[in-house]
Amino acid sequence: MKSDTRPLSPHLQVYKLPVEGKLSITHRITGVGLSVGMLLLIYWVGSAAYGRESYDAAMGFITSWFGYLLLFGFSVAFFFHLVSGIRHLTWDIGVGLTKEEARRSSYAVLAATGVLTVLAWIIGLA
């Protein structure tokens, strides 16, 4: 039996993922989350087609604390995915590709996500 004395390559416990990498992973996760979150929208619209009782039940769920939590998560995912997607489109045309520009745009994506989410909720609850 051959003995392998090669060192193991570092894994996530050792390697510090840069913010750009974390946002890239988060962009993919929010894309999946938006797809799953659309089920809530389909449930809400579909309940309106089944009459008043179904719609009232759906609105009861959506306006519960858990429903608001789901809607808040959906809105954060939506705005993050939107702003991050715009950043990817600018990269596709060759803008912002240096390490420093990518790092700055990463923090801009996070800031824009927060601002847009808060604005949407302020307007939506007004």
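A residue counts as buried when its relative accessible area is under 20%. In this predicted model, serine 84 has a relative accessible area of 0% and is therefore buried. Serine 84 is found in helix H3. Beyond its neighbours within four places in sequence, serine 84 is in contact with His27 and Val109.

Helix H3 spans residues 65–92, and helix H1 spans residues 19–49. Two packed helices are described by the angle between their axes and the distance between the axes. For H1 and H3, the axes come within 8 Å. They cross at roughly 135°. That angle makes H1 oblique to H3. The crossing of these two helices is left-handed. On the H1 side, the contact is made by Leu23, Thr26, His27, Thr30, Gly31, Leu34, Gly37, Met38 and Leu40. On the H3 side, the residues are Leu70, Leu71, Phe74, Ala77, Phe78, Phe80, His81, Ser84, Gly85, Arg87 and His88. By class, the contact of H1 with H3 has 10 nonpolar, 9 polar and 1 charged residues. Serine 84 is thus listed in this contact, and His27 of H1 is one of its partners.

Helix H1 also meets helix H4, which covers residues 99–125. Here the axes come within 9 Å and cross at roughly 50°. H1 and H4 are therefore oblique to each other. Their crossing is left-handed. Val19, Glu20 and Leu23 represent H1 in this contact. Their counterparts in H4 are Lys99, Ala102, Arg103, Ser106, Tyr107 and Leu110. By class, the contact of H1 with H4 has 5 nonpolar, 1 polar and 3 charged residues.

Leu23 appears in the H1 contact with H3 and in the H1 contact with H4. Its own contacts reflect both lists. With neighbours within four places in sequence left aside, leucine 23 touches Phe80, Arg87, Ser106 and Leu110. Of these, Phe80 and Arg87 are listed for H3, whereas Ser106 and Leu110 are listed for H4.

Leu23 is also part of the largest nonpolar core. This core has 5 residues, and the other members are Val19, Phe80, Val83 and Val109. The elements giving two or more residues to the core are H1 and H3. Val109 is in addition a contact of serine 84.

Arginine 28 lies in helix H1 as well. With a relative accessible area of 56%, arginine 28 is exposed, since the cut-off for exposed is over 50%. The C-alpha atoms of arginine 28 and histidine 81 are 8.3 Å apart. Along the chain, 53 residues separate this pair.

Alanine 58 is found in helix H2, residues 52–62. At 0% relative accessibility, alanine 58 counts as buried. Outside its neighbours within four places in sequence, alanine 58 is in contact with Tyr43 and Ser47. Its C-alpha atom is separated by 8.6 Å from that of alanine 48, 10 residues apart along the chain.

Alanine 126 lies in the segment after H4. At 89% relative accessibility, alanine 126 counts as exposed. The C-alpha atoms of alanine 126 and leucine 40 are separated by 22 Å. These two residues are 86 residues apart along the chain.

Conventions
Residues are numbered from 1 along each chain as its sequence is written. This is a predicted model: local features need pLDDT of at least 70, side-chain atom pairs count only at pLDDT 80 or more; totals for chains, interfaces and linings use all residues. Side-chain values use heavy atoms; hydrogens and water are left out. Axes are lines fitted to C-alpha atoms, for helices over the stretch in contact, and angles run from 0 to 180 degrees between N-to-C directions. Helices (H or I, at least four residues) and strands (E, at least two) are DSSP runs, numbered from the N terminus. Angles under 35 degrees count as roughly parallel, over 145 as roughly antiparallel, 65 to 115 as roughly perpendicular and the rest as oblique. A crossing is left-handed if the near helix is turned anticlockwise from the far one by less than a right angle, and right-handed if clockwise. Contact means heavy atoms within 4.5 Å. Ala, Val, Leu, Ile, Met, Phe, Trp, Tyr, Cys and Pro count as nonpolar, Asp, Glu, Lys and Arg as charged, and the others, Gly among them, as polar. A nonpolar core is a set of buried Ala, Val, Leu, Ile, Met, Phe, Trp, Tyr and Cys residues joined through side-chain atoms within 4.5 Å. Buried means under 20% relative accessible area, exposed over 50%, partly exposed in between (1.4 Å probe, protein chains only).
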